[in-house]
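Biologist: I would like to learn how to read a few computed features of a model. Please give the general idea, then the case at hand.

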Amino acid sequence: SKYLYEGTTNGADIRGAVWVTKDNIPVRNEGTVVTGGNSISVASHLDNLKVEKQDSTLFEVPAGYTAREMPGPRGRP
């Protein structure tokens, strides 16, 4: 499916299109960012995507590291 988007973030105007798989995985993006009078084209594309079950150990915090909660907008959890 292809979706169009537009909006403003951090003072930049953005608009473009994103293509997603039936599993809602974005595989292609093309757009334009306008900020400070400059227009910048952006694009990304995924190739050879494989959707597979992942080993749960991939999501464990490595030894020696401490898990922390990410702050939300403006430093709020």
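Biologist: What percentage of the 77 residues count as buried?

Modeller: Buried means under 20% relative accessible area, with a 1.4 Å probe and protein chains only. In this protein, 9% of the 77 residues meet that cut-off. This is a predicted model, where local features need pLDDT of at least 70, side-chain atom pairs count only at pLDDT 80 or more, and totals for chains, interfaces and linings use all residues. Residues are numbered from 1 along each chain as its sequence is written, and side-chain values use heavy atoms, with hydrogens and water left out.

Biologist: How many helices and strands does the protein have?

Modeller: Both are DSSP runs: helices are H or I with at least four residues, strands E with at least two, numbered from the N terminus. Here there are 0 helices and 4 strands, in the order β-β-β-β along the sequence. The radius of gyration is 18 Å, well over the 11 Å from the globule rule for 77 residues, so the protein is more spread out than a compact globule. That radius is taken over C-alpha atoms, and the rule is 2.2 Å times the number of residues to the power 0.38. The C-alpha trace spans about 45 × 35 × 15 Å along its principal axes.

Biologist: Which residues does Asn29 touch?

Modeller: Contact means heavy atoms within 4.5 Å. Asn29 lies in strand 3 (residues 26-35). Leaving out residues up to four places away in sequence, Asn29 touches Tyr5, Ala17, Val18, Trp19, Val42, Ala43 and Ser44.

How values were computed. Buried < 20%, exposed > 50% of the residue type's maximum accessible area, 1.4 Å probe, protein only.
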